[in-house]
Amino acid sequence: MKTPDRLSLLTPRLMLRPSGPGYFARAFAIRSNWEVGRNLSHAQFPPDAAHMASWFDGHAAEWTAGTAYRFAILHEDRTIGLIDVNDIDGATGELGYWLDRAAWGQGFAAEAGEAIVDFSFGSAGLTSLVAGHVADNLASARVLEKLGFTGIGEVSIFSQSRQAEIMQKRLRLDLR
């Protein structure tokens, strides 16, 4: 499978730029809000600055290896979140995203999600995407439903942010 170029994606209101160290400070501020962090099952809360900076440092290498494609989401030149396709294995990847609390309820997640789905099935050559959301995160459920994902089950997982077992709804979207 060919690794896609590290190019920005444009939507009517957003620019999605390949992520890297330059987005760390703003992303750290966003992730430091409990309302954002509580919905991220694999992310520590509060976030550890050194660990998160190291994660951002690795984004370009992940892209080159074809294991993850991570984008900063910008609205009016301000970073409002991050969206990615990660854990790529063969032709399947996992969609993930998080947005600044101030950006919730404005359709940005679905708009960025549409661009990433198109990128994943086009430039990245994937044929299926999976995603998950905490069972009590109904807004994320609606975003994934808008994108065409359908439920494939629930799993009990340990949430790093909540430091507790949670139910995660799992979904899938296949290339049509």
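Start by selecting Glu76: at 69% relative accessibility, this residue counts as exposed (exposed means over 50% relative accessible area, buried under 20%, and partly exposed in between, with a 1.4 Å probe and protein chains only). Glu76 sits in the loop between strand E3 (69–75) and E4. Check its backbone: phi is positive, about 50 degrees, although Glu76 is not a glycine. Helices (H or I, at least four residues) and strands (E, at least two) are DSSP runs, numbered from the N terminus.

This is a predicted model, in which local features need pLDDT of at least 70, side-chain atom pairs count only at pLDDT 80 or more, and totals for chains, interfaces and linings use all residues. Residues are numbered from 1 along each chain as its sequence is written, and side-chain values use heavy atoms, with hydrogens and water left out.

**Stop 1: strand E4**

Select strand E4 (78–89). Pick Thr79 within E4. Is Thr79 buried or exposed? Thr79 is buried, with a relative accessible area of 11%. Show its contacts (heavy atoms within 4.5 Å). Leaving aside residues up to four places away in sequence, Thr79 touches Tyr23, Arg26, Ile30, Ala72, Ile73 and Leu74.

Now move along to Asp87, also found in strand E4. Asp87 is exposed, with a relative accessible area of 58%. Its phi is positive, about 50 degrees, although Asp87 is not a glycine.

**Stop 2: the hairpin into E5**

Add strand E5 (92–99). E4 and E5 run antiparallel and are joined by seven bridges; two strands pair if DSSP finds at least two bridges between them. Find Asp89: its bridge partner in E5 is Thr92. The hairpin of E4 and E5 has two residues between the strands, and Gly90 takes a positive phi near 65 degrees there. Seven of the eight residues of E5 are buried, so this strand is largely enclosed by the rest of the structure.

Next, add strand E6 (128–134). E5 and E6 run parallel, with three bridges between them. Gly93 has Leu129 as its bridge partner in E6.

**Stop 3: the whole sheet**

Strands of a sheet pair through backbone hydrogen bonds, either parallel or antiparallel. Select all the strands of this sheet. In what order do the eight strands run? The order is E1-E2-E3-E4-E5-E6-E8-E7, in an open sheet with mixed pairing. Strand E1 (9–10) and strand E7 (150–159) are the edge strands, each pairing on one side only.

Zoom to the E1 end. A hairpin joins E1 to E2 through three residues. E1 and E2 pair in the antiparallel sense over two bridges. Leu9 stands opposite Leu16 in E2.

Stay on strand E2 (residues 14–18) and show its side chains, which alternate. Leu14, Leu16 and Pro18 point to one face and are buried. Met15 and Arg17 point to the other face and are not buried. E2 also pairs with E3, in the antiparallel sense over five bridges. There, Pro18 stands opposite Phe71 in E3.

**Stop 4: a cis peptide**

Go to the peptide bond from Phe45 to Pro46. This bond is cis, with omega near -5 degrees. Pro46 lies in the loop between helix H2 (34–37) and H3.

**Stop 5: helix H5**

Select helix H5 (residues 108–121). The expected span is 1.5 Å times one less than the number of residues. For the 14 residues of H5 that gives 20 Å, and the end C-alpha atoms are 20 Å apart, which agrees. Colour H5 by accessibility. Of its 14 residues, 12 are buried, so H5 is largely enclosed by the rest of the structure. Among the buried ones are Phe108, Glu111, Ile116, Val117, Phe119 and Phe121.

**Stop 6: the largest pocket**

Rolling a probe the size of a water molecule over the atoms shows where empty space is left. The largest pocket has a volume of about 1,200 Å³. A pocket is an open set of points on a 1 Å grid over the protein atoms alone, where a 1.4 Å probe fits, with protein on both sides within 12 Å along at least five of seven lines; lining residues have an atom within 4 Å of a point. Grid points are joined across faces, edges and corners, and a volume is the space filled by probe spheres set on the points.

Which residues are closest to the centre of the largest pocket? Select Asn39, Leu40, Gly96, Tyr97 and Trp98, out of the 47 residues that line this pocket. Then show helix H6 (138–146). H6 gives the most to the lining, with seven residues. Other elements that each supply at least two lining residues include helix H3 (49–57), H5 and strand E8 (164–174).

Finish by colouring the lining by class: 21 nonpolar, 15 polar and 11 charged residues. Here Ala, Val, Leu, Ile, Met, Phe, Trp, Tyr, Cys and Pro count as nonpolar, Asp, Glu, Lys and Arg as charged, and the others, Gly among them, as polar.
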